[in-house]
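Biologist: I would like to learn how to read a protein model. Could you walk me through one, feature by feature?

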Amino acid sequence: VLGKTPNLLNLITLNLRQASVNPVTLHLLFREPNFRNLRYLNLQENPLTPFGIQHLTESPILSELLELNLSSTGMEDAGITFLAGAKYLSKVTSLN
């Protein structure tokens, strides 16, 4: 749906703060190539859980991401472990 919209090819910033994004939503959104130019992603205050963080870290679509806000997402220690080993998020210079 949103991720399939071709107008998103030039999207650089995506603010999904308090948008009720969950792990399933993340999995569906960030497997779509239309987000490949995304540089700034705010997922603050969404119920992501460690599984949502895992979906993020396994998405090659996010390989150009520079800033990622995961404040108040319930990622727990397991989510931090996924982030630490994330090969596709290697360009992130700001993590909150």
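Biologist: Let's start with Thr93: where is its place?

Modeller: Thr93 sits in the loop between α3 and β4. Keep in mind as we go that this is a predicted model.

Biologist: Is Thr93 buried or exposed?

Modeller: The cut-off for exposed is over 50% relative accessible area. Thr93 has 71% relative accessibility, so it counts as exposed. Sequence and space can also be read side by side: Thr93 and Glu67 are 26 residues apart in sequence, and their C-alpha atoms are 6.1 Å apart in space.

Biologist: What about Pro60, in the loop between α2 and β3?

Modeller: Pro60 has 43% relative accessibility, so it counts as partly exposed. Pro60 and Leu89 are separated by 29 residues in sequence, with 8.3 Å from C-alpha to C-alpha.

Biologist: And Ser71, buried or exposed?

Modeller: Buried means under 20% relative accessible area. Ser71 has 19% relative accessibility, so it counts as buried. Ser71 belongs to the loop between β3 and α3. Leaving aside neighbours within four places in sequence, Ser71 is in contact with Gln44, Glu45 and Asn96.

Biologist: Now the sheet, please. How do strands pair in general?

Modeller: Strands of a sheet pair through backbone hydrogen bonds, and the pairing can be parallel or antiparallel. In this model, four strands form an open sheet in the order β1-β2-β3-β4, and the pairing is parallel. The strands β1 (13-15) and β4 stand at the edges with a single partner strand each, so one side of each has no neighbour in the sheet.

Biologist: How many bridges join β3 to β4?

Modeller: Two bridges join strand β3 (residues 67-69) to β4, and the two strands run parallel. Leu68 stands opposite Leu95 in β4.

Biologist: Which residues does Leu95 touch?

Modeller: Not counting residues up to four places away in sequence, Leu95 touches Leu68, Leu70 and Leu83. Leu95 is in strand β4 (residues 94-95). From Leu95 to Asn69 there are 26 residues in sequence, yet 5.8 Å in space, C-alpha to C-alpha.

Biologist: How do I read the packing of two helices, say α2 and α3?

Modeller: Look at the angle and the distance between their axes. Helix α2 (residues 49-57) and helix α3 (residues 76-84) pack at about 5 degrees, with axes 8 Å apart. That angle makes α2 roughly parallel to α3.

Biologist: Which residues meet there?

Modeller: From α2 come Pro50, Ile53, Gln54 and Thr57, and from α3 come Glu76, Ala78, Gly79, Phe82 and Leu83. Sorted by character, the residues of this contact are five nonpolar, three polar and one charged.

Biologist: Let's pick Thr57 in helix α2. Is Thr57 buried or exposed?

Modeller: Thr57 has a relative accessible area of 8%, so it is buried. Thr57 touches Phe82, Leu83, Ala86, Tyr88 and Leu89, not counting residues up to four places away in sequence.

Biologist: Last one: what is the mean pLDDT of the protein?

Modeller: The mean pLDDT, which tells you the predictor's confidence, is 89, and 96% of the residues reach 70 or more. Among the elements, helix α1 (residues 23-29) has the lowest mean pLDDT, 87, while strand β2 (residues 40-42) has the highest, 96.

Key
Residues numbered from 1 in each chain as written. Predicted model: local features only at pLDDT ≥ 70, side-chain atom pairs only at ≥ 80, totals over all residues. Heavy atoms only, no water. Axes fitted to C-alpha atoms, helices over the stretch in contact; angles between N-to-C directions. Parallel < 35°, antiparallel > 145°, perpendicular 65-115°, else oblique. Contact = heavy atoms within 4.5 Å. Nonpolar A, V, L, I, M, F, W, Y, C, P; charged D, E, K, R; others polar. pLDDT = per-residue confidence, 0-100. Pairing = 2+ DSSP bridges. Buried < 20%, exposed > 50% of the residue type's maximum accessible area, 1.4 Å probe, protein only.
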